Amino acid sequence: MEIAILDNADKAAARAAEHIAQALAARPALVLGLATGRTMEAVYRHLVRIHRETGLDFSRCRTFNLDEYLGLGPDHPGSYHRYMEEHLFRHVNLRPGNTHLPDGAAPDPEAECRDYERRIREAGGIDLQLLGLGVTGHIGFNEPPAPFDAPTRVVDLDPRTRAQNAGVFPGGFDAVPRRALTMGVGTILAARSCLLLVTGASKAPILQDVLRGPASPAVPASALQRHPRCLVLADPDAAWGAGGAWRREA
Ligand code: GLP
C-alpha cells in the first residue's frame, strides 16, 4: 500500500478527486467504483469542481457503487441512490444508464447480488475503486468478520454503523435498516486499483489496525494490505490522532 498524509481533510479529499480525474482523463471509458458517507461528500464536491473547471468528461464512464441499504428504494432520503444523485450524478455528464447501485428494493435481494456481480463482470471489472472506512473497520458494508473472498451479498449491519449513519434518517437510529447489499471484500480486491480515503480522529484507532495489524477478517479493510495497487490518503487527525498509525516524528 502507498500511504499519503495530506495537510487536512479537505486537501486529502481534493487529492482523491484529482486521482480519480487523472484516471478518467487517461481512460475515458473508466469503470469507477464509488463510495458514500460523509467523507466522500468533499471528494464529490471537488470532482464536480474539476468537471466544471476543466470539462472532465464522464460521458463514457461507468460507475458501480459499493452498497445500498436493504429495503430502501432509490427515492428514499436515506438511500445511497439519493446520496449519489445529490452529490455527483446530477452535477456531471454521467449517462443514467451507466450508473449502477445495488437495488435495495429488489424483490429477491440474493438474486440482485448475483446480478450485480454479473453487471460488474460484463463491464470488464472495476478499474478504480474508491473506498471509505467505517469505524468497525468495514469497507462497503462488510462488517467484521468479513471473508476476504466474499462476492456481492446481503449483510447484517453492525449497531455501531447504524448509529454512525443515523443522522441522515429522519427517524434516527431505529429508522436505519438492519441489513444491506454490498460488494464483498472479494469483489473489492478484484478491482484493478483501490483508493482508500480516511479522515478524522474517530478513524485513527481503526486505521492503525487496518495498516499495521495483521490482515484479518476481524478488520475487513485490512484485506487491502493484500491488494497490489492500493493508495491510502489520510488527514493528520486520522493518521496521528489518539491511537493513530504514526507518531509525528515518524
Ligand atoms: C457507510 C458506507 C461506507 C463508508 C462509511 C464511512 O457506512 N457504507 O462505504 O466507508 O459509511 O462513512 P463516513 O465517511 O460518514 O465516516
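Begin by selecting alanine 191 and showing the residues around it: leaving aside neighbours within four places in sequence, alanine 191 is in contact with Ile126, Gln129 and His227. Keep in mind throughout the tour that this is a predicted model. Alanine 191 belongs to the loop that runs between α6 and β9, the latter covering residues 193–198. If you now add isoleucine 126 to the selection and draw a line between the two C-alpha atoms, you will find them separated by 4.8 Å, although the two residues are 65 residues apart along the chain. Is alanine 191 buried or exposed? Its relative accessibility is 3%, and because buried means under 20% relative accessible area, alanine 191 counts as buried.

From here, move back along the chain to threonine 187, which has its place in helix α6, residues 185–189. Threonine 187 is buried as well, with a relative accessible area of 9%. Which residues does threonine 187 contact, once its neighbours within four places in sequence are left aside? Select Glu117, Ile120, Ala150, Pro151 and Thr152, and you have the set. Among these, glutamate 117 deserves a careful look, for its side chain and that of threonine 187 are joined by a polar contact of 2.7 Å.

Next, keep threonine 187 selected and add valine 176, which is 11 residues away along the chain; the C-alpha atoms of the two are separated by 25 Å. Valine 176 sits in the loop between α5, residues 159–164, and β8, residues 179–182. With a relative accessible area of 2%, valine 176 is buried. To see what surrounds it, display Tyr69, Arg162, Asn165, Ala166 and Phe169, with which valine 176 is in contact when neighbours within four places in sequence are not considered. A further distance to draw runs from valine 176 to threonine 161: these residues are 15 residues apart along the chain, and their C-alpha atoms are separated by 9.5 Å.

Now select the ligand, and then the residues around it, of which there are 14; the closest are Arg38, Thr39, Asp67, His138 and Lys203. The space that the ligand takes is the largest pocket. Three pairs of atoms can be picked out here, one after another. At arginine 38, a backbone N or O atom lies 2.8 Å from an oxygen atom of the ligand. At glycine 132, it is again a backbone N or O atom that you should look for, and this one lies 3.4 Å from a ligand oxygen atom. At histidine 138, turn to the side chain, where an N or O atom is 3.0 Å from an oxygen atom of the ligand. How much of the 390 Å² that the ligand exposes when taken alone does the protein bury? The protein buries 97% of that area.

Leave the ligand and go to serine 79, in the loop that lies between β4, residues 67–69, and α3, residues 80–87. Serine 79 has a relative accessible area of 1% and is buried. Its contacts, again without the neighbours within four places in sequence, are Glu68, Leu72, Gly73 and Pro74.

The following stop is a detail of the backbone, so zoom in on the link between proline 144 and proline 145, which are joined by a cis peptide bond with an omega of about -5 degrees. Proline 145 is found in the loop between β6, residues 128–131, and β7, residues 153–156.

End the tour at cysteine 61, in the loop between α2, residues 38–54, and β3, residues 62–65. Here the relative accessible area is 0%, and cysteine 61 is buried. Show Leu24, Pro28, Leu30, Leu32, Leu94 and Asn98, which cysteine 61 touches when residues up to four places away in sequence are not counted. Finally, select glutamine 225 together with cysteine 61: the two are 164 residues apart in sequence, and from C-alpha to C-alpha they are 27 Å apart in space.

Terms used. Residues are numbered from 1 along each chain as its sequence is written. This is a predicted model: local features need pLDDT of at least 70, side-chain atom pairs count only at pLDDT 80 or more; totals for chains, interfaces and linings use all residues. Side-chain values use heavy atoms; hydrogens and water are left out. Helices (H or I, at least four residues) and strands (E, at least two) are DSSP runs, numbered from the N terminus. Buried means under 20% relative accessible area, exposed over 50%, partly exposed in between (1.4 Å probe, protein chains only). Contact means heavy atoms within 4.5 Å. A polar contact is a pair of N or O atoms within 3.5 Å; within protein, one must be able to donate a hydrogen and the other to accept it, and residues adjacent in sequence count only if both atoms are side-chain atoms. A residue is near a molecule or strand if one of its heavy atoms lies within 4 Å of it. Accessible areas come from the Shrake-Rupley method with a 1.4 Å probe; for residues, only the protein chains shown count as cover. On a 1 Å grid over the protein atoms alone, a cavity is a set of points where a 1.4 Å probe fits but cannot get out, and a pocket is an open set with protein on both sides within 12 Å along at least five of seven lines; lining residues have an atom within 4 Å of a point. A molecule sits in a cavity or pocket if more than half of its atoms lie within 2 Å of its grid points.
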